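Student: I'd like a close look at one small part of this protein, a spot where the backbone does something a bit unusual. Could you pick one and then show me how it fits into everything else?

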Amino acid sequence: MRPIVMTINGSDPTGQTGIAADLAVFRTHRLATQCVVTAVHGPSELYPLPTTVVGGELSAALRESVPAAVKLGLVATAEIASSIAAYVRDGLPNVVFDPELDARFGHHRGVVAAVLRLMPLVTVVTPSIEEASALVGWPVVSTSDMASAAAQLASLGPAHVVITGGGLGGDESVDAVWTPTGTRFMRSPRIDAPNTRGTGCMFSAMITANLARGRGATEAITLAKEHVTRALTAAAAHAREMEQTTGWTQRLAPARIGAGEGPAAHAA
């Protein structure tokens, strides 16, 4: 029987982020899926679902089966976050939390506080440098800041913290990884792809898929970094070939990355 993986996330009509992006990744692993929608994106608005609806979705899914791993993305409101937390406490395993804190949608302190309360319940948390800045309360603007912020977030309880540094600029894309054995950096060449939107969703969904397949968290994180690097490389090559200035990274995501393939990223 195929492992089951759940995504709890918002619905993005472009398919580049949110539940659609998660499912695109899960299909590369041939996983059975469950979906819980927390909110719907509009052109410039975010429409959270009622908390009772989100709880009802979770109840209906879990009556059928318990997933092997869970990707948690946009929680939208503090109330939805609290409802999700109750289910996680009841035993949802291998939760990978990609805390979407998009200033365009007016996220307030209550949402940040709710995200912080979820931290002790998750296996891996993967904020961007912008999201990490909101969570730790000070600007994360360098790799040393990333390491410090990862340690600060780890003190709240998650077993692993990955701060993705794609927004830092420079010739490399650097992510800071905190684990119980210490902090390390994952580095890969910065790729000039036409559209990098959704790479954070892809990264966290790949970690979730690898955990569902029985890999340890450290290996799951490393493989996810390799997958995103390969997907961006493919997207950039396709855009050059087609002379395009936009593109959809997920659509160009390669098939399942196996542990035996040569790495596209290295740790330092």
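Tutor: Sure, let's go to Arg30, which sits in the loop between α1 and β2. Keep in mind as we go that this is a predicted model.

What is the phi of Arg30? It is positive, at about 55°, even though Arg30 is not a glycine. Why does that catch the eye? Most residues other than glycine have a negative phi. Arg30 takes this positive phi just after α1. Is Arg30 buried or exposed? Its relative accessibility is 58%, so it counts as exposed.

Now step back along the chain to the helix before the loop. Helix α1 covers residues 18-28, and it is mostly covered, with eight of its eleven residues buried. Those buried residues are Gly18, Ile19, Ala21, Asp22, Leu23, Val25, Phe26 and Thr28. And what covers them? The cover includes β1 (4-11), β2, β4 (69-72) and α7 (199-212). So you have an exposed arginine in the loop, and a mostly covered helix ahead of that loop.

On the other side of the loop comes β2. This strand spans residues 32-41, and His41 is found in it. With a relative accessibility of 12%, His41 counts as buried. Try finding Thr14 on the structure too: His41 and Thr14 are 27 residues apart in sequence, and their C-alpha atoms are 9.3 Å apart in space.

The stretch around Cys35 and Val36 is worth a stop as well. Cys35 has 35% relative accessibility, so it counts as partly exposed. Look for Glu57, which has its place in helix α2 (residues 51-64). Leaving out residues up to four places away in sequence, Glu57 touches Cys35, Val36, Val37 and Leu49. Glu57 and Val36 are 21 residues apart along the chain, with 5.8 Å between their C-alpha atoms.

Since we've met a cysteine, you may wonder how many disulfides there are. The structure holds zero of them. Another cysteine to find is Cys201, which counts as buried at 5% relative accessibility.

Back to the backbone for a moment: Asn94 also has a positive phi, near 50°, and it too is a residue other than glycine. Asn94 lies in the loop between α3 (78-89) and β5 (95-97). Its relative accessibility is 27%, so Asn94 counts as partly exposed, whereas Arg30 counts as exposed.

Let's look at some charged side chains next. Side chains of opposite charge can pair when their charged atoms come close. The count of salt bridges here comes to four. One of them joins Glu172 and Arg187, with the closest N and O atoms 3.3 Å apart. Glu172 lies in strand β8 (residues 172-179) and Arg187 in strand β9 (residues 182-189), so this pair ties together parts that are 15 residues apart in sequence. Glu172 is partly exposed, with a relative accessible area of 31%.

Lys225 and Asp175 form a salt bridge as well, and their closest N and O atoms are 3.0 Å apart. This pair links distant parts of the chain: Lys225 is in helix α8 (residues 217-242), Asp175 is in strand β8, and 50 residues separate them in sequence. Lys225 is buried, with a relative accessible area of 5%, and Asp175 is buried too, at 4%.

Finally, here's the whole chain, so you can place our loop in it. The secondary structure comes to eight helices and ten strands. Of the 268 residues in the protein chain, 52% are buried. Among the contacts with a separation of 6 or more, 70% are between residues 24 or more positions apart. The chain exposes about 11300 Å², and carbon and sulfur atoms supply 54% of that area.

If you go back to the start now, you can trace the path yourself: find α1, mostly covered, then Arg30 with its positive phi, and then β2, where you'll find His41.

Definitions and conventions. Residues are numbered from 1 along each chain as its sequence is written. This is a predicted model: local features need pLDDT of at least 70, side-chain atom pairs count only at pLDDT 80 or more; totals for chains, interfaces and linings use all residues. Side-chain values use heavy atoms; hydrogens and water are left out. A disulfide is a pair of cysteine sulfur atoms within 2.5 Å. Buried means under 20% relative accessible area, exposed over 50%, partly exposed in between (1.4 Å probe, protein chains only). A salt bridge is a side-chain nitrogen of Lys or Arg within 4 Å of a carboxyl oxygen of Asp or Glu. Helices (H or I, at least four residues) and strands (E, at least two) are DSSP runs, numbered from the N terminus. Contact means heavy atoms within 4.5 Å. Accessible areas come from the Shrake-Rupley method with a 1.4 Å probe; for residues, only the protein chains shown count as cover.
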